[in-house]
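These are my notebook entries on a single protein chain. I set out to look up its charged pairs and the strands that carry them.

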Amino acid sequence: MTRHRWDDDDRLLEDLAAAVRATEPLAHTIAEHAEGALSWRTIDDDLLLASLTFDSSMAAADPARAEVRAESNADRVLVFTSTPLSVELEVVHSEVFGQILPPSAGEIRVETADGTTLTVVVDESGFFELPALPAGAMRLRCDTATGRVVTDWVQL
């Protein structure tokens with residue numbers, strides 16, 4: 001059995017410092033694994049992706065789909081579809097109105113590409129209005145009693 005030289009405080013501190021230094025590679029590995037585990041914390045939301053299934057700005061070339069835009073009087077209509085929720089947006093001039101289907105009260109968090117987030121209340125009919133948004137890509141993280149989805153990134 002090896003006898004420790006810890007009868008001196010300085011020697012004890014030297015051994016402790018050496019022991020801590022010896023764990024640095026392991027600490028680095030643990031930090032990498034922790035970062036990887038944390039990256040999965042929003043995976044459930046990301047898996048419930050509401051995909052953009054209709055965009056009236058893209059439907060202009062398709063006369064059958066252009067009827068939706070003409071009927072709504074909106075500058076642009078977007079539909080995001082998923083299970084259990086769908087989200088419809090109408091852009092009228094610079095205002096954005098939306099509805100969650102099936103209708104349900106809840107909350108929407110607007111996330112922009114620059115990291116800005118805004119929270120919007122959804123009434124019991126599923127209607128909501130978005131405030132003036134900064135230019136650039138955005139997505140909606142919708143949370144209602146019916147379900148939770150995240151839309152594709154889109155630029156209005």
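Entry 1, criterion. I counted a salt bridge wherever a side-chain nitrogen of Lys or Arg lies within 4 Å of a carboxyl oxygen of Asp or Glu. I note at the outset that the model is predicted.

Entry 2, the chain as a whole. I recorded 4 helices and 10 strands, which follow one another in the order α-α-α-β-α-β-β-β-β-β-β-β-β-β. Of the 156 residues in the chain, 28% are buried. The exposed surface comes to about 10,200 Å², and carbon and sulfur atoms supply 56% of that area. Among contacts with a separation of 6 or more, 45% are between residues 24 or more positions apart.

Entry 3, salt bridges. How many salt bridges does the whole structure hold? My search of the whole structure returned 5. I looked into several of them, beginning with D55 and R76.

Entry 4, D55 and R76. These two residues form a salt bridge in which the closest N and O atoms are 2.6 Å apart. D55 lies in strand β1 and R76 in strand β2, so the pair ties together parts that are 21 residues apart in sequence. Are the two partners buried or exposed? Taking under 20% relative accessible area as buried, I found D55 buried at 8% and R76 buried at 14%.

Entry 5, surroundings of D55. Strand β1 covers residues 49-55. The side chain of D55 also makes a polar contact of 2.8 Å with the side chain of S57. Leaving aside neighbours within four places in sequence, I listed R76, V77 and L78 as the contacts of D55.

Entry 6, surroundings of R76. Strand β2 spans residues 76-81. What else lies by the side chain of R76? A polar atom of that side chain is 2.7 Å from the backbone oxygen of Q155. With neighbours within four places again set aside, the contacts of R76 include D55, S56 and S57, as well as L89, E90 and V91. V154, Q155 and L156 are also in contact with R76.

Entry 7, from β2 onward. I followed β2 to strand β3 (residues 86-92): the two run antiparallel and are joined by 6 bridges. A hairpin of 4 residues connects β2 to β3, and L78 stands opposite L89 in β3. Strand β3 is in turn joined by 7 bridges to strand β4 (residues 95-101), again antiparallel. V87 has I100 in β4 as its bridge partner. In the hairpin of β3 and β4, with 2 residues between the strands, H93 takes a positive phi near 55°.

Entry 8, R139 and E111. A salt bridge joins R139 to E111, with the closest N and O atoms 2.8 Å apart. This pair links distant parts of the chain, R139 being in strand β8 (residues 137-144) and E111 in strand β5 (residues 106-112), 28 residues apart. Both R139 and E111 are buried.

Entry 9, E111 and R141. The side chains of E111 and R141 also meet in a salt bridge, at 2.8 Å from N to O. Here too distant parts are linked, E111 in β5 with R141 in β8, 30 residues apart. E111 counts as buried at 9% relative accessibility, and R141 is buried with a relative accessible area of 10%.

Entry 10, the network. Which residues are linked in a network of salt bridges? I recorded R109, E111, R139 and R141 as its members.

Notes:
Residues numbered from 1 in each chain as written. Predicted model: local features only at pLDDT ≥ 70, side-chain atom pairs only at ≥ 80, totals over all residues. Heavy atoms only, no water. Polar contact = N/O pair within 3.5 Å; in protein donor to acceptor, adjacent residues only side chain to side chain. Contact = heavy atoms within 4.5 Å. Pairing = 2+ DSSP bridges. Buried < 20%, exposed > 50% of the residue type's maximum accessible area, 1.4 Å probe, protein only. Areas by Shrake-Rupley, 256 points an atom, 1.4 Å probe, with all protein chains shown as cover.
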